[in-house]
Amino acid sequence: MPSEAKPVALIFGAGVNIGAALVKEFTKAGYRVAAVSRNTTAADAAGADLSVSANLADPSVVPAVFARAHKEFNTFPSVIVWNAATRTPSPDKTNIFSVPTADLNKDLAVAVTSPWAALNEAVKNWREGERGVLIYTGNIMAKSVFPHPDFTTLGTSKRAASYVVEAADVAYKAKGWRFYYADERTPEGKPMGHTPNADSHAAMYLQLAREDTGKFPTYVTFAQGEYKAF
């Protein structure tokens with residue numbers, strides 16, 4: 001396949017584990033991959049065509065990342081993955097809302113506000129009738145509440161992000177663009193907890209990037225790399 005014909009995948013949060021697996025999987029599948037992270041070591045090791053260092057707690061950097069990728073590849077990414085997230089544990093374990101507001105805002109910026117900026121870039125630049133896919137790495141907290149003092153900001157972020165992604169899919173699916181919130185589970189449908197399966201994510205995300213028949217819902221639950229409705 002000629003280099004100029006290869007599609008581009010832009011991966012935000014391309015660190016170790018899931019991020020590195022995504023870089024490898026999309027590269028192997030024939031994509032040119034731009035990888036964004038605070039530290040580009042993992043993305044470089046995974047074989048990214050372009051590694052960009054960025055602090056995704058600052059939403060203003062997102063348009064510049066897209067501009068950098070467009071300049072490098074002379075085309076806009078047809079696949080965008082938001083894999084970046086952060087959480088601040090509650091300092092007072094008896095009060096799940098004791099996280100300082102500044103830390104809450106930082107966590108929301110990484111997981112909601114900066115993806116919002118990425119969605120804006122996608123909607124502005126994708127052309128109607130051409131394939132465009134955005135995949136957001138979620139978890140079960142978009143559907144279930146776990147009032148644990150160390151996960152309140154993360155759950156808040158995932159719940160908000162799932163709404164934003166679904167709103168995008170409803171609004172723009174008819175144009176040929178898809179937006180997915182991806183929630184990995186165990187084969188029994190339970191949350192994955194602290195140990196998400198990187199290869200499972202990579203396999204599922206590649207299917208989502210390639211699928212054009214509309215068989216996958218906006219909210220995608222999957223286990224061991226395959227879609228499974230729970």
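Helices, taken as DSSP runs of H or I with at least four residues, and strands, taken as runs of E with at least two, are numbered from the N terminus. This report applies that numbering to a predicted model.

**Two loop residues with positive phi**

N74 lies in the loop between helix 3 (62-73) and strand 4 (79-82). Its phi angle is near 60°, a positive value in a residue other than glycine. N74 counts as exposed, because its relative accessibility is 65% and exposed residues are those over 50%.

N17 likewise has a positive phi without being glycine, in this case near 65°. The loop that holds N17 runs between strand 1 (8-12) and helix 1. With a relative accessibility of 40%, N17 counts as partly exposed.

**Helix 1 and helix 6**

The axes of helix 1 and helix 6 come within 8 Å and cross at roughly 45°. Helix 1 is therefore oblique to helix 6. The crossing of these two helices is right-handed. On the helix 1 side, the residues that meet helix 6 are I18, A21, L22, E25 and F26. Their counterparts in helix 6 are A198, D199, H201, A202, Y205, L206 and A209.

**Salt bridges**

A search of the whole structure finds eight salt bridges. Three pairs are listed below with the distance between N and O atoms.

| Pair | N to O distance |
|---|---|
| E25 and K28 | 3.7 Å |
| E128 and K175 | 3.5 Å |
| D183 and R185 | 2.8 Å |

E25, one of the helix 1 residues that meet helix 6, also forms a salt bridge with K28 through its side chain. The two residues are three apart in helix 1 (residues 18-28), so about one helical turn separates them. K28 is exposed, with a relative accessible area of 67%.

What does the salt bridge between E128 and K175 tie together? E128 forms a salt bridge with K175, with the closest N and O atoms 3.5 Å apart. E128 lies in the loop between helix 4 (101-125) and strand 5 (132-137), and K175 in the loop between helix 5 (152-172) and strand 6 (177-184), so the pair ties together parts that are 47 residues apart in sequence. E128 is exposed, at a relative accessible area of 59%, whereas K175 is partly exposed, at 28%.

A further group consists of D169, K173 and R178, which are linked in a network of salt bridges.

**The surroundings of R185**

Is R185 buried or exposed? Its relative accessibility is 9%, and R185 therefore counts as buried, since the limit for a buried residue is under 20%. D183, its salt-bridge partner, is buried as well. R185 lies in the loop between strand 6 and helix 6 (198-210).

The side chains of R185 and D183 are also joined by a polar contact of 2.8 Å. In addition, a polar atom of the R185 side chain lies 3.2 Å from the backbone oxygen of G189. Neighbours within four places in sequence left aside, R185 is in contact with I140, K190, M192, Y219, T221, F222, A223 and F230.

Note on methods:
Residues are numbered from 1 along each chain as its sequence is written. This is a predicted model: local features need pLDDT of at least 70, side-chain atom pairs count only at pLDDT 80 or more; totals for chains, interfaces and linings use all residues. Side-chain values use heavy atoms; hydrogens and water are left out. A salt bridge is a side-chain nitrogen of Lys or Arg within 4 Å of a carboxyl oxygen of Asp or Glu. Buried means under 20% relative accessible area, exposed over 50%, partly exposed in between (1.4 Å probe, protein chains only). A polar contact is a pair of N or O atoms within 3.5 Å; within protein, one must be able to donate a hydrogen and the other to accept it, and residues adjacent in sequence count only if both atoms are side-chain atoms. Contact means heavy atoms within 4.5 Å. Axes are lines fitted to C-alpha atoms, for helices over the stretch in contact, and angles run from 0 to 180 degrees between N-to-C directions. Angles under 35 degrees count as roughly parallel, over 145 as roughly antiparallel, 65 to 115 as roughly perpendicular and the rest as oblique. A crossing is left-handed if the near helix is turned anticlockwise from the far one by less than a right angle, and right-handed if clockwise.
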